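Welcome! Here is a friendly walk through one protein model, from its charged pairs to its core and its main pocket.

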Amino acid sequence: MKFARTVLGDVDVATLGATNAHEHVMIRGDLILVREPDFRLDDPAKAVEELSEYRSFGGGSIVDTAPIGIGRDPDALIRIARESKVNIIAATGFHKTRYYLDTHWRFQYSADEVAQLLIDEIEIGMEQNSYNGPLLRRSQARAGVIKVASDYQLIDSSTRLACRAAAKAHLQTGAPVLTHTEMGTMAMAQLGLLDGLGVKPNRVVLSHMDRNPDLALHKEVAQAGAFLEYDGPGRVKYFPESSLLALMRGMFDAGLGDHLLLGGDTARRSYWKAYGGGPGIAYIVEHFTGRMRREGFSQQQIDQVLIHNPARALAFSSVNG
């Protein structure tokens, strides 16, 4: 059985259903909220409300991409998954460096030391306080993806160390790797770095790629074997949905639609209906898929992006090769 690891346990990837491949369910603290107060998503009851609506429109699974030190709450994710009946796949690893104080432990440890911390989050349980100590408090929730992040047009030394740790954790556990690309930059550089560390491109999901809607680049990334995650639906402050749909059409016309994933990345209170904002986590399954149909995408293509591609991208690979 090919499985994905959710906060409630391992599930057959065939049961994930429609999957939002890049989302944020809980952000309760840490430096990120000092920099961006609107990122505060700290009410589990509102998360249950938001995810329950997502489920009512056909949503099955969500990837919560808040890694270590980004205000995550593994124990709350367990409650939210149980009450909403939505599969939640949680992240270990790290976001971009600006979201961490320069005294954070991630900058003090070796790649091997960091790798073991990530492995333990995948195999034993996520650390409820993101290893901020002094005592460890393991959640029963285990991480199902490993996150790394680069900055705009830059992969700095701390990101390279995080990638070395992520690669070691991937090779030991088989967990897929999900990356943050800042405005869709450094995609091929990320793939080259990870590939050199033993992470095959087909085990990597590159997030936010539609913020750099360069079809030639996207073809190159897909032809290398990686998955591209697009999270523009409903967020027209970046570009109109017509641009995203044209990009998706170009990828399907090139025979590369099997490398595409969709996410919401609704990481702000002002984006959640439960907090009085919009468009809401349900937007992709409530509205965007309907527009895809009206724009000529077949149900088979919609299912490819929402169901079949995530099942492949989020599956654990065999650690025996």
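D75 counts as partly exposed, because its relative accessibility is 28%, and buried would mean under 20%. Please keep in mind that this is a predicted model. The partner of D75 is R137, and the two form a salt bridge in which the closest N and O atoms are 3.2 Å apart. D75 sits in helix α3 (residues 74–84), while R137 belongs to the loop between α4 and β6, so this pair ties together parts that are 62 residues apart in sequence. R137 is partly exposed as well, with a relative accessible area of 46%.

**More charged pairs**

Side chains of opposite charge can pair when their charged atoms come close. How many salt bridges does the count come to? The count is 22 salt bridges, and here are three of them.

| Acidic residue | Basic residue | Closest N and O atoms |
|---|---|---|
| D10 | R142 | 3.7 Å |
| D75 | R137 | 3.2 Å |
| E286 | K273 | 3.0 Å |

Take D10 and R142, which form a salt bridge with 3.7 Å between the closest N and O atoms. This pair links distant parts of the chain: D10 is in strand β2 (residues 9–12), and R142 is in the loop between α4 (111–123) and β6 (145–149), with 132 residues from one to the other. Are D10 and R142 buried or exposed? D10 has a relative accessibility of 34% and so counts as partly exposed. R142 is partly exposed too, at a relative accessible area of 23%.

Now for E286 and K273, whose side chains meet in a salt bridge at 3.0 Å, N to O. Helix α9 (residues 283–294) holds E286, and the loop between β10 (260–262) and α9 holds K273, so the parts tied together here are 13 residues apart in sequence. E286 has 24% relative accessibility and counts as partly exposed. K273, at 32%, also counts as partly exposed.

Salt bridges can also join up into a network, as they do for R211, D231, R235 and D265.

**Into the core**

Let us move to the nonpolar interior. The largest nonpolar core has 92 residues. Which residues have the most contacts inside this core? They are I80, V221, Y230, M248 and L262. A second, separate core has 17 residues, including A91, L261, L314 and A315.

L262 makes a good stop on this tour. L262 is found in strand β10. L262 counts as buried because its relative accessible area is 0%, and the cut-off for buried is under 20%. Leaving aside neighbours up to four places away in sequence, the residues that L262 touches include T19, N20 and A21. Also among the contacts of L262 are E229, Y230, P233 and M248, and the list further includes I284, F288, M292, V305 and L306. As for G232, its C-alpha lies 8.4 Å from that of L262 in space, with the two residues 30 apart in sequence.

**The largest pocket**

How much space lies in the largest pocket? About 360 Å³. Its lining is made up of 24 residues, and those closest to the pocket centre are F39, Y99, R211, Y238 and D265. Two of these names, R211 and D265, appeared above in the salt-bridge network with D231 and R235. Sorted by class, the lining has 8 nonpolar, 6 polar and 10 charged residues.

Definitions and conventions
Residues numbered from 1 in each chain as written. Predicted model: local features only at pLDDT ≥ 70, side-chain atom pairs only at ≥ 80, totals over all residues. Heavy atoms only, no water. Core = buried A, V, L, I, M, F, W, Y, C linked by side-chain atoms within 4.5 Å. Buried < 20%, exposed > 50% of the residue type's maximum accessible area, 1.4 Å probe, protein only. Contact = heavy atoms within 4.5 Å. 1 Å grid on protein atoms, 1.4 Å probe; cavity = no way out; pocket = protein on both sides within 12 Å on 5 of 7 lines; lining within 4 Å. Points joined across faces, edges and corners; volume = space filled by probe spheres on them. Nonpolar A, V, L, I, M, F, W, Y, C, P; charged D, E, K, R; others polar. Salt bridge = Lys/Arg side-chain N within 4 Å of Asp/Glu carboxyl O. Helix = DSSP H or I, 4+ residues; strand = E, 2+ residues; numbered from the N terminus.
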